[in-house]
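Colleague: Could you walk me through this one? I would like to start with the core and then move outward.

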Amino acid sequence: MSIWDKIESASADEMRSIQDKRLVETVEYVYDRVPYYRKKMEDIDLYPEDIKSCDDLYKLPFTTKDDLRDTYPYGLVAVDLDEIVRIHASSGTTGKRIVVAYTKEDIDTWSDVMARCFARIETDSKDIVHVAYGYGLFTGGLGAHYGAEKLGATVIPISGGNSRRQVEFLTDLKPTVIACTPSYMLHLYEVMIDAGYTLDDISLKAGIFGAEPWSENMRKEIERLLKIKAYDIYGLSEITGPGVASECIAQNGLHINEDCYLPEIVDVIDHKPLGLNEQGEIVFTTIKKKGMPLIRYRTKDITKLFKDDCICGRTLVKMERVTGRTDDMLIIRGVNVFPSQIESVLLEFSQLTPNYQIIVDRINMMDVLNIHVEMNENLFTDEVKKIESLEKSITGAIESVLGISAKVKLVEPKSIERSEGKAVRIIDRRKI
Amino acid sequence: MLVKQISIFLENKEGRLAELTSILAKAEININALTIADTADFGILRIIVDDADKTETLLKKEGFSVSITDVLALDIDNKPGGIAKPLNMLHENGISVEYIYAFLAKKDNTAHVIFKVNDVDLAKKVLSKNGYRNTAK
């Protein structure tokens with residue numbers, strides 16, 4: 001499949017001039033149309049004429065999830081409501097619900113960037129795409145759906161849940177590409193094997209996985225078990241949904257659709273802009289959105305930006321796989337801990353499965369980190385000392401990566417509750 | 001003399017053992033011998049049943065971590081020194097015992113002992129040469 005949109009291989013100058021132009025237009029647009037943004041700018045004595053190019057981006061105020069909550073539901077909408085054709089909403093798991101609004105043009109742009117993402121993993125009109133992201137208020141299902149449809153592929157809009165039915169569709173209709181969360185892919189694999197099927201019964205060649213953080217080792221695990229290529233896709237409802245960035249066949253960083261979503265990295269603590277190759281929180285300004293444009297939206301996702309000579313021919317800037325979230329970050333005995341660090345250690349042990357739970361307690365004023373991980377049922381040994389020594393090696397490996405100790409407990413296969421959406425990895429029981 | 005022992009990984013959770021044995025009961029599987037090795041977090045249940053392969057398949061289907069190990073089953077005299085004798089033979093032949101459990105026979109004055117050793121073939125040779133056998137199922 002060739003590159004979907006030639007903008008993806010534009011020269012640096014060409015891209016920069018598009019971004020400059022769109023940023024200036026966007027700032028004028030929100031200043032004129034969104035009182036909330038106008039006030040935010042005037043409060044710091046900033047006016048549209050102060051923003052002449054991307055060099056001035058840093059002058060603009062940030063937008064956070066709190067701003068979206070404060071203006072709930074329509075306070076950041078920049079057009080008349082009759083121009084809005086679609087609403088999506090966040091699950092509200094981390095606080096009050098937020099909603100996002102799209103014009104017809106926004107849906108077209110979104111479909112287009114999602115089509116780019118599918119084309120990046122060599123999906124074309126001949127493919128059958130099984131979309132097992134949830135449909136509805138969540139952007140995953142409909143986002144993947146519109147993109148795959150725009151590409152001309154055959155779409156199975158199965159949505160999330162009902163794993164047995166998912167397996168029937170995978171084995172009967174033989175989709176070639178699947179879109180879902182990586183943890184759900186592993187769950188579907190288990191259900192498939194338990195139902196007596198083998199890899200010969202399915203025809204998947206690739207999966208486009210996102211909506212939750214995952215590690216390189218988890219990718220290897222999915223690729224090993226299912227004999228498919230596993231690609232990372234990134235997005236968030238506030239910016240548009242899936243399709244903000246995605247991997248190509250190089251599997252080395254996610255190309256950001258930067259002609260639509262202007263990225264920058266800021267320091268996690270003081271929020272000062274950082275350069276290429278520096279790790280921090282990724283911030284996006286939507287420069288091609290009409291319904292609800294966001295200026296410097298703080299995603300809370302931690303990554304870095306980099307450029308390389310990608311074998312796929314795209315020049316779009318890349319972001320590394322998201323390794324954690326500023327709000328997923330656990331502070332345990334004063335040490336910053338990301339669940340992804342723990343996951344990558346666990347996956348180095350063949351005796352374990354990628355199903356784990358991190359439980360944090362506070363006992364006698366001390367934080368206690370417990371990690372429950374399921375054993376691989378085929379590698380169970382009869383000897384207590386071998387199991388204990390396995391626990392000990394895991395504990396040692398975790399301590400050397402995190403710098404703090406954890407209590408590791410091996411649990412029975414399939415005893416950790418499966419989620420059909422985002423996996424529940426962390427249980428923080430500390431009462432502070 | 002060689003029997004297949006089934007080992008099952010069990011988390012220390014209330015009711016887990018009852019659950020497991022009920023599954024066996026429902027499938028009409030009789031447990032001939034049983035022991036548990038326990039630690040703070042988990043236990044390993046070791047059982048001897050008539051049809052080890054069938055039991056393994058059943059338990060795997062039910063989601064348990066199961067493995068099959070060859071162990072030695074031996075009849076010994078139920079009197080002082082009964083267990084020391086074969087253990088000395090194993091020791092003299094450089095065979096080490098990883099674990100052991102025993103149960104009484106009902107009818108005669110013997111006991112059945114289950115040995116898990118590091119070299120099961122050698123142990124079998126040494127013990128049968130010395131007249132040990134196994135009548136228990």
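Colleague: Which helix of chain A gives the most to the largest nonpolar core?
Modeller: This is a predicted model, where local features need pLDDT of at least 70, side-chain atom pairs count only at pLDDT 80 or more, and totals for chains, interfaces and linings use all residues. Residues are numbered from 1 along each chain as written, with chains lettered from A and ligands numbered from 1 in written order. The core has 132 residues, and A:Phe118, A:Val131, A:Ala179 and A:Ile371 have the most contacts inside it; such a core joins buried Ala, Val, Leu, Ile, Met, Phe, Trp, Tyr and Cys through C-beta atoms within 7 Å, buried being 20 or more other C-beta atoms within 10 Å, with C-beta atoms placed from the backbone. With seven residues, the top contributor is helix 4 (residues 104-120), helices being DSSP runs of H or I, at least four residues, numbered from the N terminus.

Colleague: How are helix 7 and helix 8 of chain A oriented to each other?
Modeller: The axes of helix 7 (residues 182-194) and helix 8 (residues 216-226) of chain A come within 11 Å and cross at roughly 30 degrees; axes are lines fitted to C-alpha atoms over the stretch in contact, with angles from 0 to 180 degrees between N-to-C directions. Angles under 35 degrees count as roughly parallel, so helix 7 and helix 8 of chain A are roughly parallel.

Colleague: How many residues of chain B are in contact with chain A?
Modeller: Contact requires C-beta atoms, placed from the backbone, within 7 Å. On the chain A side there are 15 residues, and on the chain B side, 16.

Notes: Buried ≥ 20, exposed ≤ 12 C-beta atoms within 10 Å, placed from the backbone. Helix = DSSP H or I, 4+ residues; strand = E, 2+ residues; numbered from the N terminus. Contact = placed C-beta atoms within 7 Å. Parallel < 35°, antiparallel > 145°, perpendicular 65-115°, else oblique.
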